[in-house]
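Please look through the sequence and the three-dimensional model below before reading on. The report after it is meant to be read with both in view.

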Amino acid sequence: MICSTAMGTLPCPTCHSDSGNLFQYTDICNILGRGLKVRIDELGKAATSGCQPCTLLFNTLRIFQGLSPDFKANYHSRNVTRIFVQPSYAGTLNVALASSQTYVDHLEIYTQAGSEPLWPTLGCGQDVSETLPLKTATEKIKGWLAACEQHPSCTVIISDFTALPTRVLLVDKHKIALVETAGRSERYATLSHCWGTSQPITTTKDTLDQRYAGIRWSSLPRLFQDAIALTRELGMQYLWIDSLCIIQDDDVDWTRESAQMAATYRHAHLNIAATAAAGSERSLFSKRWTTPPKYAHYSEPLPKRSVESYLVPMSTGNVTVRARYTPSFAHEHVKMFHNSEEGTKSDVLQQGPLLTRSWAFQERILSPRTVHFHASEMIWECNENFRCECNALEGEDPGMYGGSLVVGKRWMYEMLTEPNDPGDDGYSRLNRWLDGVELYSRLGITKCTDRLPALAGLAISFANRIQSPYLAGLWHCDLPRSLCWLVIGEARYSPQTDISYRLGKPCIPYSAPSWSWASVDISGPGTDATFGAYIAFGHLIHNDFAADKRYELISVECTMDPELLFGKVASGCLKFRAAVLECPLYFHAPQLGVFLSFDEDYHPVLLDFNEDYFSPRKSEYLFENTEDVRELDVLLVLIGTVKEHTSRAKTILALVLRPVVDIPGKFERIGILKCSDCGWFLNAEVRPIDII
């Protein structure tokens, strides 16, 4: 029965369900999309009148209200007054709890697997246990592996005779030891993990012979023990762990093995990702948990709560309906890292810290298949799909999430297999690279000088298809377009001030020439990072770029380590001819920010670095209603324009340069001007420019 007052024929006035349809999704939410908006007080009245769908929703709310009385304990004084209901890809119901201003939590309702469905359209879900024994994890992973071996896009990467890395751990039941492989071929697993604040056990020049002789079980941290146990249960004898298989204090070995990183992960049979572990002392098989959504301005740690489901009491038939806090945040973390609309509010540091680390980026993308041990559940990723314990990812597009691109294995597979010319409307490899770098730039790294080495494996894979010289994170064939990157600052809030933005700082020691995005250190400040700062290329990817006709490349040089041609950069120089304007750059933080003045108009400049990096002099120029304006002599160098596909208006892109101290004739990039083309460069001087 849908509604007793309507005799099962007329739709319920609250949930709009009728005898043929469970809910009518008639509302639109800018954040969540199409669904059904219901006030909780109206829901209670409809449930009392006999509407079964409303009773389902109301009984669900009563369960979670019991866990958090009056819906306030977990939501920090945000009073829940309404809900928003949507169907998931798997056919389950997603229920968002809303206050007057925002959505404060998300639930999922589903038919228990094996139970008679209450309605045909209420899909089945899989329960996720709060504990994860080794045996349970092994059985689930073996099932995912077996299915993966039948995928057309995955079968090309399966081999029983894959060359082993230089060194691996032998992990049979009788001995654990580091072994030299001498080119042998065998299946092996890799471990992707955070080193944490305490350094895990490593191999050094002094301990190398000890590692070959054998490694005591008790000397291994818990995470390594778990990875070894899982590797054994999956029927493999070899495991690659970076801290043990690379000689950490041998620069030659480290450089050589870093150059092989792409092959190490690409040839692994399985990558074990310790996604939830902040360090090697943690376990793969920890108690699982989730949190409420995180919101800006709220800095306290989020409360942990169970991933267990709860029985929803219903009086109809042989039906088992269950509800739980939604596991979808785990899916967003793994599919999108934290590069989503809610990126600056993400709790990924709490639930999936590995996803915030630069080194883990290429490890995840290059490996043919990865099992993520997230705080909430295990999640599988291969070329063909994502899968999870709760079953909610079944049927989702592996390349998209919430309308946004997923930079993952499918993204990489398409790069390797797509035609060389995708056509005018295609997604070129160069655009794919810029998309990847934009996401990668958000991630944390301990040493900013590792920014390019941690991407070297991915760069090697792209180089095989792009066939163009690699220039400190850019490609020769994409010049001058890719010179026009932007630094997007991280918003910072405090009770005393308005929003401010944290930009970057020069990478010290030297890591790349100033014309490369890798020269800017925008890594977040430890656990306080919100990952809001990043290098942006979207204005180049999604618009038509045209180089200025006066731009002419003269030469470009990039000196790199011969052992790692895609890693650390020793020096770089870019020389080209272009239209140039000399002018002062003005600083006025309280009101006008950083700007240029043309024809009595102010035009903001996007700096690469925080203002405290500069030492501008006091300006003698008087601006109306302003005081204490400072200025710096700069060079504006026109690179080109971008134009939206549906617009005729053009936006100019000009690099902002300043002279390099003590090196006459050389300049360094400090920012970019991005504004409407007002004709300033029409009669500009054209001259050669050297940027280092």
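What follows describes an open sheet, a set of salt bridges and the surroundings of one arginine.

The model is predicted, so local features need pLDDT of at least 70 and side-chain atom pairs count only at pLDDT 80 or more, while totals for chains, interfaces and linings use all residues. Residues are numbered from 1 along each chain as its sequence is written, and side-chain values use heavy atoms, with hydrogens and water left out.

**The open sheet**

Helices (H or I, at least four residues) and strands (E, at least two) are DSSP runs numbered from the N terminus, and two strands pair if DSSP finds at least two bridges between them. An open sheet of 8 strands follows the order E8-E7-E10-E9-E11-E16-E17-E18, and its pairing is mixed. At the edges are strand E8 (175-180) and strand E18 (386-388), each of which pairs on one side only. From one strand to the next, the twist averages 25°, where axes are lines fitted to C-alpha atoms, for helices over the stretch in contact, and angles run from 0 to 180 degrees between N-to-C directions. Within this sheet, strand E9 (residues 189-192) pairs with strand E10 (residues 238-240) in the parallel sense over 2 bridges, and Thr-190 stands opposite Trp-240 in E10. Helix H3 (residues 134-148) lies across strands E11, E16, E17 and E18, running at about 20° to E17.

**Salt bridges**

Side chains of opposite charge can pair when their charged atoms come close. The structure holds 32 salt bridges, each defined as a side-chain nitrogen of Lys or Arg within 4 Å of a carboxyl oxygen of Asp or Glu. The table lists examples.

| Pair | N to O distance |
|---|---|
| Glu-108 and Arg-324 | 2.9 Å |
| Arg-550 and Asp-548 | 3.0 Å |
| Arg-577 and Glu-552 | 3.7 Å |

Glu-108 lies in strand E5 (residues 103-112) and Arg-324 in strand E15 (residues 321-325), so their salt bridge ties together parts that are 216 residues apart in sequence. Glu-108 counts as buried (under 20% relative accessible area, with exposed over 50% and partly exposed in between, using a 1.4 Å probe and protein chains only), because its relative accessibility is 2%. Arg-324 is buried too, with a relative accessible area of 2%.

**Around Arg-617**

Arg-617 is placed in strand E35 (residues 617-618) and counts as partly exposed at 38% relative accessibility. Leaving aside neighbours within four places in sequence, Arg-617 is in contact with Arg-630, Glu-631, Leu-632 and Asp-633, contact being heavy atoms within 4.5 Å. Arg-617 and Arg-630 are 13 residues apart in sequence, and their C-alpha atoms are 5.4 Å apart in space.
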